[in-house]
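Student: Hey, I've just opened this one and don't know where to start. Can you walk me through it?

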Amino acid sequence: MTEVLEGFRTVLSGEYPRLLLSGLGLTLAVSVCALLVSVLVGTALGAARVLRVPVLGRLGDAYVTVVRGIPLIVLLSVVYYGLPTLGVTLPDFPAAVLALGLYSAAYTSEIVRGGISSVPAGQAEAARSLGLSRGQALRFVVLPQAWRVALPALGNEFISLILGSSLASAVTLQELFSQGRYITNATYRQFEVYAVLALVYFLLTFVLSRLVRALEARLSRGVTLPERRVI
């Protein structure tokens, strides 16, 4: 027990706390940026699939099917290590954001599709009867209501992105988990380092999950949301 306590003192002293904080900041940054990509792409996919837009609707279905069948670590490797073969080279941060965002977009698409489907058809019909085009009805009437339903689920998706960002160390991004591995190699204190990492991830996701739960209680409308995946 004394040796374990000494190990925690070693891990939490010197430059190591600063490295962990730096990694935590990068984890949050890549997760937020990936969420923005996910929301933009996922909203477009979800709308195209619900409205059955010619070609785009089928492409959206194919995209979701393919991406949900690929492990995140493989998609990260394709973006970071595979794209240079095609002449496209991305630094570690943009590569991680792109891969995480595109991966998450497949699930955000399902969330958005569920939100749009929850809006009564009469809302869009009423908007069309007032002279709005199909696109305007979607933008000004349907999507605002759909987003209200989708927001809690998007909060859960953000939590999943934070956990998934730990795989970004595979593309050399120095996020929280990568910094933890560096400290492990420097101190040979595997148990203590990973225990600290587990606590940090838990506290971060616990706080966010409480916020999401509060938001869900405020905005809940009894909509059944799509099943989440396990990364």
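Tutor: Sure. Reading from the N terminus, the elements run α-α-α-α-α-α-α-α-α. Keep in mind that this is a predicted model.

Student: How many helices and strands is that?

Tutor: Nine helices and zero strands.

Student: And what does the C-alpha trace span along its principal axes?

Tutor: About 75 × 45 × 25 Å.

Student: What share of the residues is buried?

Tutor: Of the 231 residues in the protein, 40% are buried. As for the outside, the protein exposes about 12200 Å², and carbon and sulfur atoms supply 65% of that area.

Student: What about contacts, how many join residues at least 24 apart?

Tutor: If you take contacts between residues at least 6 apart in sequence, 79% of them join residues at least 24 apart.

Student: OK, switching to the surface. Which residues make a nonpolar patch there?

Tutor: Leu199, Phe202, Leu203, Phe206, Val207 and Leu211 make one of about 580 Å². To place one of its members, leucine 203 sits in helix H9, which covers residues 190–219.

Student: Is leucine 203 buried or exposed?

Tutor: In between: leucine 203 counts as partly exposed because its relative accessibility is 46%.

Student: What else is in H9? I'm curious about glutamate 192.

Tutor: Glutamate 192 is in helix H9 too. Its relative accessible area is 5%, so glutamate 192 is buried.

Student: Which residues is glutamate 192 in contact with?

Tutor: Leaving aside neighbours within four places in sequence, glutamate 192 is in contact with Glu3, Val4, Gly7, Phe8 and Val11. Glutamate 192 also forms a salt bridge with arginine 189, where the closest N and O atoms are 3.7 Å apart. Both of those partners are buried.

Student: And where is glycine 42 relative to glutamate 192?

Tutor: Their C-alpha atoms are separated by 39 Å, and the two residues are 150 residues apart along the chain.

Student: What about glutamate 216?

Tutor: Glutamate 216 lies in helix H9 as well. With 33% relative accessibility, glutamate 216 counts as partly exposed. Its C-alpha atom is separated by 33 Å from that of serine 178, and those two are 38 residues apart along the chain.

Student: Back to salt bridges. Why would two side chains pair up like that?

Tutor: Side chains of opposite charge can pair when their charged atoms come close.

Student: How many salt bridges are there in the whole structure?

Tutor: A search finds eight. One of them joins glutamate 6 to arginine 9, with the closest N and O atoms 2.9 Å apart.

Student: Where do glutamate 6 and arginine 9 lie?

Tutor: Both are in helix H1, residues 2–11, and they are three residues apart, about one turn of the helix. Glutamate 6 counts as partly exposed at 36% relative accessibility. Arginine 9 counts as partly exposed too, at 49%.

Student: What does glutamate 110 form a salt bridge with?

Tutor: Glutamate 110 pairs with arginine 49, and the closest N and O atoms are 2.4 Å apart. Glutamate 110 lies in helix H5 (residues 92–118) and arginine 49 in helix H2 (residues 16–51), so the pair ties together parts that are 61 residues apart in sequence.

Student: Are glutamate 110 and arginine 49 buried or exposed?

Tutor: Both are buried. They also belong to one network, in which salt bridges that share partners join Arg49, Asp61, Arg68, Glu110 and Arg113.

Student: How many positive and negative charges does the protein have?

Tutor: 19 positive and 12 negative, and their mean positions are 12 Å apart.

Student: Last topic, loops. What is phi for threonine 172?

Tutor: Near 70°, a positive value in a residue other than glycine. Threonine 172 lies in the loop between helix H7 (134–164) and helix H8 (176–187). At 37% relative accessibility, threonine 172 counts as partly exposed.

Student: And tyrosine 188, where is that one?

Tutor: Tyrosine 188 is in the loop between H8 and H9. Its phi is positive, about 60°, although tyrosine 188 is not a glycine.

Student: Why does tyrosine 188 count as exposed?

Tutor: Because its relative accessibility is 64%, and exposed means over 50%.

Terms used
Residues are numbered from 1 along each chain as its sequence is written. This is a predicted model: local features need pLDDT of at least 70, side-chain atom pairs count only at pLDDT 80 or more; totals for chains, interfaces and linings use all residues. Side-chain values use heavy atoms; hydrogens and water are left out. Helices (H or I, at least four residues) and strands (E, at least two) are DSSP runs, numbered from the N terminus. Buried means under 20% relative accessible area, exposed over 50%, partly exposed in between (1.4 Å probe, protein chains only). Contact means heavy atoms within 4.5 Å. Accessible areas come from the Shrake-Rupley method with a 1.4 Å probe; for residues, only the protein chains shown count as cover. Lys and Arg count as positive and Asp and Glu as negative; His and the chain ends are not counted. The place of a charge is taken as NZ of Lys, CZ of Arg, CG of Asp or CD of Glu. Patches are made of residues with over 30% relative accessible area and no salt bridge: like charges are joined within 9 Å, nonpolar side chains (Val, Leu, Ile, Met, Phe, Trp, Tyr) within 5 Å. A salt bridge is a side-chain nitrogen of Lys or Arg within 4 Å of a carboxyl oxygen of Asp or Glu.
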